[in-house]
Amino acid sequence: MASIIPLDSLNLEPAKRISAGEILGLVGDISSVGELKKLQIDFEILPPGHRSAPAHSHSEKEECMYVLEGSPKISLGGDVVQLKPGEFVTIPPCKTPHMIFNDSSNEVKLLVISTGHENDIVTYV
């Protein structure tokens with residue numbers, strides 16, 4: 001059944017890197033609420049000074065990010081690009097490490113969409 005999901009209705013939980021104890025930001029899982037099986041869609045809020053994940057690459061997973069609010073930066077293989085609301089970033093499976101981060105003084109809101117590929121190997125830099 002189709003779902004209409006207001007973003008402000010999502011249960012936002014801190015995203016953590018368990019091994020390092022680092023709080024990355026707040027994440028609401030749209031996929032679970034909408035009962036999606038093949039797509040992972042997250043609503044993320046990055047407070048100032050936070051990142052969505054450490055620099056990493058995927059062997060199989062396709063990933064994209066849509067900036068709703070704020071001005072995050074993305075590191076793509078070491079090149080840093082400033083993003084603004086309304087911009088969409090697509091990242092095919094590759095060996096290029098990527099990381100989105102908020103070094104501004106304002107909150108960043110993103111939609112992060114990816115394929116749920118079970119054979120994906122994530123490599124952290």
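This dialogue covers the charged pairs and the cysteines of a predicted model.

Reader: What should I know about the model before I start?

Author: The model is predicted: local features need pLDDT of at least 70, side-chain atom pairs count only at pLDDT 80 or more, and totals for chains, interfaces and linings use all residues. Residues are numbered from 1 along each chain as its sequence is written, and side-chain values use heavy atoms, leaving out hydrogens and water.

Reader: How many salt bridges does a search of the whole structure find?

Author: Side chains of opposite charge can pair when their charged atoms come close. A salt bridge here is a side-chain nitrogen of Lys or Arg within 4 Å of a carboxyl oxygen of Asp or Glu. The search finds two. Lys 73 pairs with Asp 103, with 3.1 Å between the closest N and O atoms. Glu 87 pairs with Lys 84 at 3.9 Å, N to O.

Reader: Is Lys 73 buried or exposed?

Author: Buried means under 20% relative accessible area, exposed over 50%, and partly exposed in between (1.4 Å probe, protein chains only). Lys 73 is partly exposed, at 22%. Asp 103 is partly exposed too, at 46%. So is Glu 87, at 27%.

Reader: How many disulfides does the structure hold?

Author: A disulfide is a covalent bond between the sulfur atoms of two cysteines. The cut-off is a pair of cysteine sulfur atoms within 2.5 Å. The structure holds zero.

Reader: Why is Cys 64 not bonded to Cys 94?

Author: The closest cysteine sulfur to that of Cys 64 is in Cys 94, 13 Å away, which is too far for a bond. Cys 64 is buried, at 15% relative accessible area. Cys 94 is partly exposed, at 24%.
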